[in-house]
Structures are given as C-alpha cells and as structure tokens.
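Let's take a walk through this protein together. Have a look at the picture first, and then we'll go from the overall fold down to single residues.

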Amino acid sequence: MKMKPNISEDRAKELIVLCQKEAEVAISEGNVPISSIITDLDGNILVTTHNTQNTDNDPTAHGEINALRMLGKQKNTRYFDGCVVFGNAEICSMCASACIKAHIYSFYFGAPAEKSMDPWLPIAEISKVSKNPLYIEGPILGEDCAAQIALGRALLKS
C-alpha cells in the first residue's frame, strides 16, 4: 500500500501557486505554460521546473518530464519512491506513465485536463489501469490555473 502524502490543503495550494509562478517563466521563454514541482511526502520541494518543448525543440520536454530528469540527476537514481508531483495542470498520459515508472504515485493538479489533450487519457482513467493505486487531488485553484494556461497559449499563437 502506498503512503498518502502528509500535505495540508493550505500547503497544496501554496505549491500550486508556486507552479503558476514557474509557468510564468515558461511563458516568458516562449514555452507552453505548464510547470511541475516534485516534493517529498511532507511537501518539501525537491525540484521545480517548467515545460521547455519550444526552446528545446523536444516534444517530450513537459514540465513533469523535465522534473524527473532533474531529480534523477540530483538523486542519482531513476526511482523516486515517496515523492509527489504537483502541476498547474492535470498531468498528461505521457508524464503520468513516466512518473509511475519512476515509482511516483501521488499527484496534485491545478487546471483540469485540457480538451485538446491527445490522447484523451486523464489521470483518473490511468488510475483505473495502474497496477499501483494512485493518490490524486485536484483541481486545486483550477479556474485560476486554467485562465493562466489559456492566456499563455494565446500569447504563443500571437
């Protein structure tokens, strides 16, 4: 049985706000406005990063994937038991699969999955087929996060 994170509602909101601030960095760099923070089970920040798909010309450079890469280098391992992923948006299927392979089973998110997500495979659906139980909290500050993402995406198109 996986341990439930020991993260209060207030701390979860603080971490989502920090994700929003990191998403602003992505926007300023011309990237998709999505970010990720990985914490321990108590909500202590281990890494913070954002989407760099455009600046890296890498379709896999989502905030969560970048965070996994950073944490792997930091910890010199590919397994992150006891870690939690936070994002200003609901995690996509690629990133969720990578996190699960890295032994991360707890997810907190701001905005719900965007309707344009392809494949349409929200984390709740992934949870149904995961061999390990997932802990999912969200949306947290969903409307604020969705508005920021929509604005950031609009800026990319202009």
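## Contacts and overall build

Keep in mind that this is a predicted model. Start with who touches whom: of the contacts between residues at least 6 apart in sequence, 62% join residues at least 24 apart.

What does the chain fold into? You'll find six helices and five strands, and going along the sequence they come in the pattern α-β-β-α-α-β-α-β-α-β-α. With a radius of gyration of 14 Å, close to the 15 Å that the globule rule gives for 158 residues, the protein is as compact as a globular protein of that length. If you'd like outer dimensions, the C-alpha trace spans about 45 × 30 × 30 Å along its principal axes.

## Inside and outside

How much of the protein is buried? Buried residues account for 48% of the 158 residues. On the outside, the protein exposes about 8200 Å², and carbon and sulfur atoms supply 53% of that area.

## The sheet

Now for the strands. Five of them form an open sheet in the order β2-β1-β3-β4-β5, and the pairing is mixed. At the edges sit β2 (45-50) and β5 (135-137), each pairing on one side only. On average, neighbouring strands in this sheet are turned by 15 degrees against each other, direction ignored.

A bit of background helps here: strands of a sheet pair through backbone hydrogen bonds, either parallel or antiparallel.

## Around β4

Which way do β3 and β4 run relative to each other, parallel or antiparallel? Strand β3 (residues 83-89) and strand β4 (residues 106-111) run parallel, joined by five bridges. You can spot the match-up residue by residue: V84 is opposite S106 in β4, while F86 is opposite Y108 in β4. To get from β3 to β4, the chain passes through helix α4 (residues 93-101), and this β-α-β crossover is right-handed.

On to the next neighbour: β4 and β5 also pair in the parallel sense, this time over three bridges. Here F107 stands opposite I136 in β5. Together with helix α5 (residues 123-129), β4 and β5 make a right-handed β-α-β unit. And how covered is β4? Mostly: six of its six residues are buried.

## A helix across the strands

Finally, find helix α3 (residues 63-75). This helix lies across β1 (35-40), β2 and β3, and α3 runs at about 140 degrees to β2.

Note on methods
Residues numbered from 1 in each chain as written. Predicted model: local features only at pLDDT ≥ 70, side-chain atom pairs only at ≥ 80, totals over all residues. Heavy atoms only, no water. Pairing = 2+ DSSP bridges. Helix = DSSP H or I, 4+ residues; strand = E, 2+ residues; numbered from the N terminus. Axes fitted to C-alpha atoms, helices over the stretch in contact; angles between N-to-C directions. Contact = heavy atoms within 4.5 Å. Buried < 20%, exposed > 50% of the residue type's maximum accessible area, 1.4 Å probe, protein only. Right-handed = clockwise from strand over helix to strand, strands pointing away. Rg over C-alpha atoms; globule rule 2.2 N^0.38 Å. Areas by Shrake-Rupley, 256 points an atom, 1.4 Å probe, with all protein chains shown as cover.
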